[in-house]
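Please look at the chains below with their enclosed empty space in mind. The report that follows takes up cavities and their linings, and then one residue.

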Amino acid sequence: MLKKLPLAQLETIANDIREDIIRMLEHAGSGHSAGPLGLADIFTALYFDILKHDPKNPDWPERDILLLSNGHCVPVRYATMAHAGYFDRKELMTLRQLGTRLQGHPERKRLPGMETTSGPLGSGLSQACGMALALRMDNQQHRWVYVVMGDGEQDEGNVWEAAMLAGKEKLHNIIAITDRNNIQIDGPTESVMPLEDLKAKWEAFGWHVLEIDGNDIEAVIDACAMGRAIENKPVMIIAHTIPGKGVDFMEYDFNWHGKPPNKEEAKKALHELRTLGGKIKGEHE
Amino acid sequence: MSDMYLVDVSGNLTSEPIRKGFGRGLLEAGKRWDNVVAACADLTDSTQMSLFAEEFPERYIEIGVAEQNLVTTGSGLAAMGKVPFVSSYAAFMPGRCWEQIRTTICLNDRPVKLIGSHAGVSVGPDGATHQMLEDLALMRVLPNMVVLAPCDSVEAEKATLAMALDKRPNYMRLAREATPIITTDKTPFEIGPAYVLTEGADVSLIATGTMTYQALVAAEELKKDGIQAEVVHVPTIKPLDAGTILASVRKTGAVVTAEEGQIVGGLGGAIAELLSEEQPAPIKRIGMRDRFGESGAPDKLLEYFGLDARHIRLAAHSVVDKK
């Protein structure tokens with residue numbers, strides 16, 4: 001288990017993770033930028049505060065499970081796992097290269113601590129249902145199954161099949177987090193395939209729904225704590241995030257959903273992250 | 001080995017749906033091993049999961065009509081150390097949820113046990129939508145997947161117990177209608193081997209599932225024609241027992257395959273691939289030839305589509321003539 005850290009330190013870690021994401025993607029030459037940057041605060045909160053886990057013992061039988069359903073956002077998970085001590089940060093630069101453990105979309109069997117293989121959308125929540133059902137059969141309900149999902153992903157019917165099952169079975173040790181960044185590949189979610197009223201939809205399926213600012217680490221930690229206190233329903237946290245968060249020219253722009261920065265863009269992005277958008281003079285400069 | 005099989009083709013054999021053996025096997029697996037669990041998509045009785053569901057309600061999950069969720073929930077159960085059997089009609093599972101099986105079970109390497117019932121045209125009156133003919137091909141093409149098609153209910157029961165102990169993803173195909181029982185409690189069964197049921201030097205009849213009985217009947221008929229047929233039953237279509245199949249074909253030099261599904265990608269495809277690389281020989285494939293089924297009585301449909309002993313016999317003559 002990692003020691004809990006003060007908020008300011010968590011925010012610094014999240015920013016370091018963003019820098020690593022930019023470096024990884026620029027080096028790899030392909031991959032998704034906006035989603036991983038937007039999720040850095042959520043992943044920092046999960047790995048450095050919320051999850052019960054042990055980077056030195058990824059198969060620890062008492063650990064909480066974290067599923068990344070929208071596998072294309074995996075650079076943020078790789079970067080966070082490296083910062084948490086699962087593997088050396090140097091390995092991040094092998095992303096998407098032949099022989100790497102850091103596949104373009106995550107593969108469980110290649111990397112200890114990667115709980116499942118994902119990429120094709122919509123299947124994380126069903127797996128969480130299976131896991132939560134198994135935990136209930138085994139009287140292991142002190143363990144939690146967290147699922148990070150995309151919003152565009154919720155176009156998939158499989159998501160709602162799982163939503164019905166979790167609601168029916170009252171799988172209260174599932175805490176799902178929707179990365180509500182309002183973009184998908186073809187454009188804004190509400191023009192590609194409207195999701196709203198998303199909160200009402202999840203409530204109608206029998207879920208307890210919380211809505212937060214997903215770029216506020218403290219709000220993420222608090223919402224998960226609140227979620228764990230709900231004992232009769234699965235919990236959905238709709239986390240409003242800024243896609244491309246921290247890099248001005250990427251923020252809110254769906255064009256950055258599925259592409260990496262080139263060398264120039266990466267340089268600009270790193271400068272901005274290091275100086276927190278010009279607010280401070282970066283110490284690395 | 002042959003005396004382990006009942007090869008009486010006079011019509012005096014007892015018949016039972018293959019799926020019944022699965023139901024008994026699953027119940028027994030549940031009794032033997034606490035980690036065996038089951039889930040179904042609104043077809044609990046049809047797929048014969050009801051025996052298990054009644055005995056172990058706390059280990060049984062009703063998923064509703066949602067096959068994508070069915071198999072993917074199975075992946076999650078397996079991730080936590082359970083041995084999940086998930087069932088539906090083969091037309092819907094694997095028919096409806098192939099990508100979830102590919103990603104969350106095969107690539108993810110989770111030992112989920114997929115049971116596709118009511119496969120083949122012998123489903124009968126329900127028609128083409130429900131007559132799954134492509135399941136063997138869909139499952140055989142997936143890395144890590146084991147593909148089984150037992151020939152009768154006794155073998156299906158043994159196969160179910162073997163699946164519960166196997167550490168890989170498995171798919172097993174079952175049929176709706178009663179099929180003659182040709183194996184006994186003493187007949188060996190393991191995942192992997194093909195079994196030589198009757199020996200002969202002139203032609204290899206290589207069959208799986210419901211068609212194995214038809215191959216045995218054809219072999220009897222061929223004796224009258226002066227042709228000694230060797231019947232090889234292939235309950236494990238993947239991984240294929242190349243050794244037994246090649247040994248038979250080296251001896252006979254001619255092959256007929258038989259299955260109640262598309263000849264492309266299923267058993268016929270698998271045998272043709274193997275032989276073309278290792279032991280080319282005249283071959284005819286009995287099965288569906290790039291078309292769908294339709295409504296009708298099961299026996300009428302099997303005859304109409306050429307999926308019976310008579311057609312196997314004709315095909316055997318044709319390949320023997322080519323030698």
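The largest cavity has a volume of about 90 Å³, where a cavity is a set of points on a 1 Å grid over the protein atoms alone at which a 1.4 Å probe fits but cannot get out, and a volume is the space filled by probe spheres set on the points, joined across faces, edges and corners. This is a predicted model, in which local features need pLDDT of at least 70, side-chain atom pairs count only at pLDDT 80 or more, and totals for chains, interfaces and linings use all residues. Residues are numbered from 1 along each chain as its sequence is written, and side-chain values use heavy atoms, with hydrogens and water left out.

By this rule there are four cavities of 30 Å³ or more. Lining residues (an atom within 4 Å of a point) of the largest cavity include A:Tyr47, A:Arg63, A:Asp64 and A:Glu115.

| Cavity | Volume | Lining by class |
|---|---|---|
| Largest | about 90 Å³ | five nonpolar, two polar, four charged |
| Second largest | about 50 Å³ | six nonpolar, two polar, two charged |

The lining of the second largest cavity, with B:Ala119 and B:Arg173 among its residues, draws at least three residues from each of domain 1 (2-11 + 188-321) and domain 2 (15-180) of chain B, the bounds coming from an automatic or database domain assignment.

B:Asp135 touches both B:Ala119 and B:Arg173 (heavy atoms within 4.5 Å). B:Asp135 is buried (under 20% relative accessible area, 1.4 Å probe, protein chains only), at 0%. Its side chain makes polar contacts (N or O atoms within 3.5 Å, one able to donate a hydrogen and the other to accept it) of 2.7 Å with the side chain of B:Tyr171 and of 2.9 Å with that of B:Arg173.

Technical notes. Chains lettered and ligands numbered in written order. 1 Å grid on protein atoms, 1.4 Å probe; cavity = no way out; pocket = protein on both sides within 12 Å on 5 of 7 lines; lining within 4 Å. Nonpolar A, V, L, I, M, F, W, Y, C, P; charged D, E, K, R; others polar. Buried < 20%, exposed > 50% of the residue type's maximum accessible area, 1.4 Å probe, protein only. Lists of a residue's contacts leave out its neighbours within four places in sequence.
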